[in-house]
Amino acid sequence: PNLKQCILVGCGNPLLDISANVEEDLLKKYELKPNDAILAEEKHMPLYKELVEKYKAEFIAGGSVQNSLRVCQWLLQKPKVATFFGCVGNDDYAKILEENATKDGLNVRYQYTQDAPTGTCAVLVTGTHRSLCANLAAANNFTLDHLQIAENRKLLEAAEYYYISGFFLTVSPPSIMEVAHHAHKHQRTFMMNLSAPFLSQFFKEPMMAAMPYVDILFGNEQEVETFANEQGWEETKDLKVIGRKLVALPKENSQRERIVIITQGHLPVLLFKDGKIHEYEVPQLSREQMVDTNGAGDAFVGGFLAQYVQKKPFDVCIRCGIWSAGEIIKRSGCTFEGKPTFVEE
C-alpha cells in the first residue's frame, strides 16, 4: 500500500507475440532451434503469415521487458508502479499491445513511428519447448530523444529501479547508457538481463559498455555459458565459477558489489551475493501442468522485481520469481488471470 507509483522503469522492445503449437518440421523449414531466441532475417518473413493462416495462432502482448513488468504489476496489484519505454508503429497491433499492457496496470510510454509496423515475435511451441523469432520492425526505431521529452524525463528521474533487457542492446545503446549513467549518478539500482546467447556474441561491445553499471545481472545457463566463451573463459563450464567471474567484472560503483542470478530451467536458481552462492530449488511441474515455457524467464524477473521494489529480502524475491515462472509455464504465452497467490512464508 505504501509503494510509490513510477518507482520502476523498464526499456525494451514491445512486440506482439504470434504464438502457435507447431510440429518440428516448421522449425527445420525456417532453420530455427527449440529454446532459442533470434532476430528475424529475410528468410523468416513468410513465417508470421504462415502462423496466422495455417495454425491457430494467438496474439499475446509480448516483448521481454514488457512481459516482466506486466507480471510485476500483476503481483503488486497496484497500477503504474512500473513504467515501460519502447517503440511501436502507428497501427492496430500497437493498440492491442497498449490495451493489454495498460489493463495489466503498466504505465506505457511508447514512442510511435510512422516508418515501420509494430514489431512481432513468432513463438513456435513444440511440446513444452519454444523457439522465438523476433521481427523488431518499429521496436528498432526507439531513440534517446524519447527519454528526453520533459514528461518522460520526469518518470526516469522519479524511478529508483531500472531494468533493461539485453535485447535492447540491438536497438538503442545510447538510451541504455543514459539510464545506466543516471542510475549510477543517483545511487539507484540498474539491472540487466543477458536475454539470449547471440547478444554476447554479436553485441559484445554495447553489452560490455553497460556492464560496469549493472548492479543486478540475470541470465539463464545457455546465456551465461555463451557469455563465458565470448570472454575467453573456456577453461570452465561450471556455472558457479562463471557466476563468480561475472560478479568480479569491472564495476563503476565499487561500493556496491554486483549481484548475479542464474536460472537453469528445472534445476536450482543460483544467487551470487556477498561472496556466497545460494541455491534455490525449483518445484517440479508434471508434464500435464506444463503448457509452454514462453515467458518463463520474463516471469521470473517480474516476480523478483515485484518483491525487490518492496525491499523484501533476496530469498523472498527469488522464491517469488520461481513461483511466477511456474505459473506462466502452466498457461499459453506470458499470461495470467485472477489474483496472485504467492505467499511470502
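The following exchange discusses the fold, the strand pairing and selected residues of a predicted model.

Colleague: Which conventions apply to this model?
Modeller: This is a predicted model, in which local features need pLDDT of at least 70 and side-chain atom pairs count only at pLDDT 80 or more, while totals for chains, interfaces and linings use all residues. Side-chain values use heavy atoms, with hydrogens and water left out, and residues are numbered from 1 along each chain as its sequence is written.

Colleague: How many helices and strands does the chain have?
Modeller: Helices (H or I, at least four residues) and strands (E, at least two) are DSSP runs, numbered from the N terminus. On that basis, the secondary structure of the chain comes to 13 helices and 14 strands.

Colleague: What is the radius of gyration of the chain?
Modeller: The radius is taken over C-alpha atoms, and the globule rule is 2.2 Å times the number of residues to the power 0.38. For 345 residues the rule gives 20 Å, and the chain comes close to this, so it is as compact as a globular protein of that length. Along its principal axes the C-alpha trace spans about 55 × 45 × 40 Å. The radius of gyration is 19 Å.

Colleague: What percentage of the residues of the chain count as buried?
Modeller: Buried means under 20% relative accessible area, exposed over 50%, and partly exposed in between (1.4 Å probe, protein chains only). The chain exposes about 14900 Å² (Shrake-Rupley method, 1.4 Å probe), and carbon and sulfur atoms supply 50% of that area. Of the 345 residues, the buried share is 59%.

Colleague: Among contacts between residues at least 6 apart in sequence, what percentage join residues at least 24 apart?
Modeller: A contact means heavy atoms within 4.5 Å. Among the contacts specified, the share joining residues at least 24 apart is 73%.

Colleague: How far apart do the centres of the positive and negative side chains lie?
Modeller: Lys and Arg count as positive and Asp and Glu as negative, with His and the chain ends not counted. Each charge is placed at NZ of Lys, CZ of Arg, CG of Asp or CD of Glu. The chain has 36 positive and 44 negative side chains, and the centres of the two sets are separated by 5 Å.

Colleague: Which residue in β7 stands opposite S19?
Modeller: Two strands pair if DSSP finds at least two bridges between them. Strand β2 (residues 15-21) pairs with β4 (residues 58-62) in the antiparallel sense over five bridges, and the partner of S19 there is E58. β2 also pairs with β7 (residues 119-126), in the parallel sense over seven bridges. In β7, the residue opposite S19 is V123.

Colleague: Why is β2 largely enclosed by the rest of the structure?
Modeller: The answer rests on the burial of the residues of β2. The strand is largely enclosed because the buried residues number six of the seven.

Colleague: Which residues of β10 lie on the side opposite T189, M191 and N193?
Modeller: In a regular strand the side chains alternate between the two faces of the sheet. Five of the five residues of β10 are buried, and both of its faces are covered, with T189, M191 and N193 on one side. On the other side are F190 and M192.

Colleague: Which residue of β10 does Y162 stand opposite?
Modeller: Strand β9 (residues 161-165) runs parallel to β10, and five bridges join them. A183 of helix α7 (residues 173-185) is buried at 1% relative accessibility and touches Y162, R188 and F190, not counting residues up to four places away in sequence. The residue opposite Y162 is F190.

Colleague: What is the phi of S195?
Modeller: Most residues other than glycine have a negative phi. S195, in the loop between β10 (189-193) and α8 (197-202), is buried with a relative accessible area of 10%. Although S195 is not a glycine, its phi is positive, at about 70°.

Colleague: What is the phi of A137?
Modeller: A137 lies in the loop between β8 (129-135) and α5 (144-148), and its relative accessible area of 17% makes it buried. Although A137 is not a glycine, its phi is positive, at about 45°.

Colleague: Is H266 buried or exposed?
Modeller: H266 is found in the loop between β12 (259-264) and β13 (267-273). Not counting residues up to four places away in sequence, H266 touches V282 and Q284. With a relative accessible area of 52%, H266 is exposed.
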